[in-house]
Amino acid sequence: GDHRDLHSFPTDALPIWIPTNGNWGQEVANAQEAVTANPNAIAIASPWTPPASMKATSTSQPYSSSCDRGPGYCAGYLDPSHYADYATYLEDFVSYFNSQNTFNLYAISMQNEPDWPTVYESCLWTPAQMDTWIASLTAGGATNPLTARLIMPESLDFNPAQAYTALHDANAAPNISIIGGHLYQFQEGVGNPTPYPNAASYGKELWMTEHYQNSASSIIDALGSAEEVHNSLVNAQYNAYIWWWIWNDPNDGVTYGLINGSTTSPIPTNFGYGIGHFSKFVQPGYYRYDAAPSSSGNVYVSAYAGTESGQQHYVIVAINASSSALSQAFAVQNATV
């Protein structure tokens with residue numbers, strides 16, 4: 001769901017920050033719908049800014065001069081005097097979410113796109129600031145207040161430098177579960193995601209937590225989205241790929257969702273069909289297995305397996321990116337299909 005609304009709440013609601021404007025409740029409802037549709041689904045959360053009351057501005061990290069949410073919500077930085085308050089704030093959302101569901105929030109991010117100052121809700125963090133805040137969670141032997149897994153840094157273009165400092169800090173690295181990032185350097189589908197061995201060497205999962213492509217007018221767009229998932233999971237060794245927008249909401253002018261804008265007869269868009277070849281069959285918790293490349297350079301093959309209801313499932317996703325039909329043989333080893 002749209003995670004922009006995880007922050008604009010009163011700062012005086014205790015013991016948890018119960019929303020007065022319903023935004024947190026909307027996110028809970030989104031998660032409930034997802035898990036109802038697929039019991040294997042997991043829910044994560046990503047804040048776009050801390051509360052404005054916890055932020056400050058400086059020459060190097062200024063507020064955005066034009067902000068669609070009001071003063072203090074766009075850019076700026078988290079005031080170090082509120083580091084502990086921000087950790088409590090995030091855990092308040094985790095607690096609220098878990099109290100409303102029969103399932104728990106799987107993970108929470110510390111910040112959406114900390115390297116991108118913009119006119120919508122946002123907050124700037126340097127790699128050093130992220131490192132300091134993460135290390136502060138367990139400073140002096142304290143118990144980490146966050147009960148959900150921590151995602152960071154969710155860089156705009158999966159810039160490894162954004163996580164480098166924290167990963168190399170023995171006081172911070174143990175508090176990180178997932179290295180997340182976005183792929184907006186490939187906005188037009190040009191170029192491919194690349195591996196991040198530094199994160200893997202520290203035992204962290206790699207999640208692509210946000211991206212979209214601009215149009216979904218033809219089968220070419222479906223193939224493009226599928227190829228990007230393939231390249232993310234196979235070439236870059238990511239553990240997850242998350243598309244930015246589910247529905248072509250006519251109220252927001254969205255044209256890059258996975259489902260069209262109909263409220264009566266919704267169907268997948270070309271993006272939805274492309275990504276659906278993965279998401280309908282490859283469930284959370286599955287493992288990706290080795291698959292030899294096709295003899296044709298225009299065919300992309302990946303393989304997965306997992307257990308559901310005590311039964312082993314095998315998945316092969318094959319993408320034909322050529323302009324004509326092709327025949328492709330598959331040999332499944334060490335398994336009975």
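## Exercises on a predicted model

Start with one residue: apart from neighbours within four places in sequence, S225 touches Q213, W243, N270, F271, G274 and I275. Keep in mind that this is a predicted model.

**Exercise 1. Find out where S225 lies, and whether it is buried or exposed.**

Step 1: place the residue. S225 is part of helix α6.

Step 2: check the accessible area. The relative value for S225 is 0%. Buried means under 20%, so S225 counts as buried.

Step 3: look at a helix that α6 meets. On the α6 side the contact involves I219, D221, A222, S225, A226, V229, H230 and L233, and on the α7 side N270, F271, G274, I275 and F278. Sorted by type, the residues of this contact are eight nonpolar, four polar and one charged.

Step 4: add the geometry. The axes of α6 and α7 (270–279) come within 7 Å and cross at roughly 35 degrees. The crossing of α6 with α7 is right-handed.

**Exercise 2. Work out the strand order of the three-stranded open sheet, and say which strands stand at its edges.**

Step 1: read off the order. The three strands run β9-β10-β11, with antiparallel pairing.

Step 2: look for strands with a single partner. Those are β9 (287–289) and β11 (311–320), so each has one side without a neighbour in the sheet.

Step 3: check the twist. On average, neighbouring strands here are turned by 30 degrees against each other, direction ignored.

Step 4: see what packs on this sheet. Helix α6 (219–235) does, touching β9, β10 and β11, and its direction makes about 65 degrees with that of β10.

Step 5: zoom in on one pair. Ten bridges link β10 (299–308) and β11 in the antiparallel sense. For an example of residues facing each other, take T307, which stands opposite Q312 in β11.

**Exercise 3. Test whether the ends of helix α2 are as far apart as its 17 residues should span, and find out what covers it.**

Step 1: compare the expected span with the model. At 1.5 Å a residue, α2 (83–99) should span 24 Å; its end C-alpha atoms are 24 Å apart, so the two agree.

Step 2: ask how much of it is covered. Twelve of the 17 residues of α2 are buried, so the helix is mostly covered. Among them are Y83, Y86, Y89, F93 and F97.

Step 3: name the cover. It includes α1 (23–37), β1 (44–45), β3 (77–78), β4 (107–109) and α3 (127–136).

Step 4: turn to α3. Its buried residues are Q129, M130, D131, W133, I134 and A135. They pack against β3, α2, β5 and α4 (161–167).

**Exercise 4. Follow the six-stranded open sheet through β5 and β6, and pick out the unusual backbone spots in β5.**

Step 1: get the order. It goes β1-β4-β5-β6-β7-β8, and the pairing is parallel. At the edges stand β1 and β8 (240–241), each with a single partner strand, so one side of each has no neighbour in the sheet.

Step 2: go from β4 to β5. These two strands run parallel and are joined by three bridges. S109 has I151 in β5 as its bridge partner.

Step 3: go on from β5 to β6. Four bridges join these parallel strands, and P153 stands opposite G180 in β6.

Step 4: look at the backbone of β5 (149–155). P153 sits in this strand, and the peptide bond from M152 to P153 is cis, with omega near -5 degrees. E154, also in β5, has a positive phi of about 55 degrees although it isn't a glycine. E154 is buried, since its relative accessible area is 2%.

Step 5: finish with β6 (178–182). Five of its five residues are buried, so the strand is largely enclosed by the rest of the structure. In a regular strand, side chains alternate between the two faces of the sheet. Here I178, G180 and H182 point one way, while I179 and G181 point the other way.

**Exercise 5. Describe the backbone and the setting of Q237.**

Step 1: check phi. Q237 has a positive value of about 65 degrees, although it is not a glycine.

Step 2: place it. Q237 lies in the loop between α6 and β8.

Step 3: judge its exposure. At a relative accessible area of 46%, Q237 is partly exposed.

Methods
Residues numbered from 1 in each chain as written. Predicted model: local features only at pLDDT ≥ 70, side-chain atom pairs only at ≥ 80, totals over all residues. Heavy atoms only, no water. Pairing = 2+ DSSP bridges. Axes fitted to C-alpha atoms, helices over the stretch in contact; angles between N-to-C directions. Contact = heavy atoms within 4.5 Å. Expected span 1.5 Å × (residues − 1). Buried < 20%, exposed > 50% of the residue type's maximum accessible area, 1.4 Å probe, protein only. Left-handed = near helix turned anticlockwise from the far one by under 90°. Nonpolar A, V, L, I, M, F, W, Y, C, P; charged D, E, K, R; others polar.
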